[in-house]
Amino acid sequence: MATTISSTFDIITELAAGTGTTNIANPGRAFRVVGIYGTGLNTATLTVSKVADNGAGAVTQMGVVTLATGDLNDFPAVLDGGANRTCQQSDDLRIVRAVANSTRCVIRCEAVDPQALTES
């Protein structure tokens, strides 16, 4: 595993309790998703995907949060492979909330080209 350094930023979506789909337009920045976190009721699920061509192209899943218990803390997702989590400037994001109420999604990101550090 390579060791890198990069500034991180969060995309935070606060939603009314429920299910549904939320689309987030990319303002033109390439980035890599390094974590996805969700909050909600027991068994709530959030699936986060990227959608190519400014939301009109192929949908690629990046990770799924499944809450084992209701939790007001951000619960981590199982992430898909690194290539699936790299977003180009024209990739938008999609959050699908299903099964039960979910209220918050945090997508932790870093620059697509972090600087390598030396490991020993």
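Which residues does Thr-22 touch, not counting residues up to four places away in sequence?

## Contacts of Thr-22

In this predicted model, Thr-22 touches Thr-13, Leu-15, Leu-93, Arg-94 and Ile-95, with residues up to four places away in sequence left out of the count. Thr-22 is a residue of strand E2, a strand that covers residues 8-24. Its relative accessibility is 17%, and because buried means under 20% relative accessible area, Thr-22 counts as buried.

Two of the residues that Thr-22 touches, Leu-93 and Ile-95, are also touched by Ile-107. Leu-93 is further named among the residues of the largest nonpolar core that touch the most other members.

## Overall architecture

The protein chain contains one helix and ten strands. Read from the N terminus, its elements follow the order β-β-β-β-α-β-β-β-β-β-β. The radius of gyration is 15 Å, close to the 14 Å that the globule rule gives for 120 residues, so the chain is as compact as a globular protein of that length. Along the principal axes, the C-alpha atoms fill a box of roughly 45 × 35 × 20 Å.

Of the contacts between residues at least 6 apart in sequence, 79% join residues at least 24 apart. Buried residues make up 34% of the 120 residues in the protein chain.

## The largest nonpolar core

The largest nonpolar core holds 19 residues, of which Ile-36, Leu-93 and Ile-107 touch the most other members. At least two core residues come from each of strands E2 (8-24), E3 (31-40), E4 (45-51), E5 (59-66) and E9 (92-111). Strand E9 gives the most, with six residues.

Ile-107 illustrates the reach of these contacts. Beyond residues up to four places away in sequence, Ile-107 touches Phe-9, Asp-10, Ile-11, Val-33, Gly-35, Val-48, Leu-93 and Ile-95.

## Gly-35 in strand E3

One of the residues touched by Ile-107 is Gly-35, which lies in strand E3. With a relative accessible area of 3%, Gly-35 is buried. Its contacts are with Leu-79, Val-106, Ile-107 and Arg-108, again not counting residues up to four places away in sequence.

Gly-35 and Met-62 are separated by 27 residues in sequence, and their C-alpha atoms are 9.5 Å apart in space.

## Backbone conformation at Thr-43 and Asn-54

Most residues other than glycine have a negative phi. Thr-43 is not a glycine, yet its phi is positive, at about 70°. The residue is located in the loop between E3 and E4. Thr-43 is partly exposed, with a relative accessible area of 39%.

Asn-54, likewise not a glycine, has a positive phi of about 55°. Asn-54 belongs to helix H1, which covers residues 52-55.

## Surface and charge

The accessible surface of the protein chain amounts to about 6400 Å². Carbon and sulfur atoms account for 52% of this surface.

Which charges do the side chains of the protein chain carry, and how far apart do the centres of the two sets lie? There are 8 positive and 11 negative side chains. The centres of the positive and negative sets lie 2 Å apart.

Definitions and conventions. Residues are numbered from 1 along each chain as its sequence is written. This is a predicted model: local features need pLDDT of at least 70, side-chain atom pairs count only at pLDDT 80 or more; totals for chains, interfaces and linings use all residues. Side-chain values use heavy atoms; hydrogens and water are left out. A nonpolar core is a set of buried Ala, Val, Leu, Ile, Met, Phe, Trp, Tyr and Cys residues joined through side-chain atoms within 4.5 Å. Buried means under 20% relative accessible area, exposed over 50%, partly exposed in between (1.4 Å probe, protein chains only). Helices (H or I, at least four residues) and strands (E, at least two) are DSSP runs, numbered from the N terminus. Contact means heavy atoms within 4.5 Å. The radius of gyration is taken over C-alpha atoms; the globule rule is 2.2 Å times the number of residues to the power 0.38. Accessible areas come from the Shrake-Rupley method with a 1.4 Å probe; for residues, only the protein chains shown count as cover. Lys and Arg count as positive and Asp and Glu as negative; His and the chain ends are not counted. The place of a charge is taken as NZ of Lys, CZ of Arg, CG of Asp or CD of Glu.
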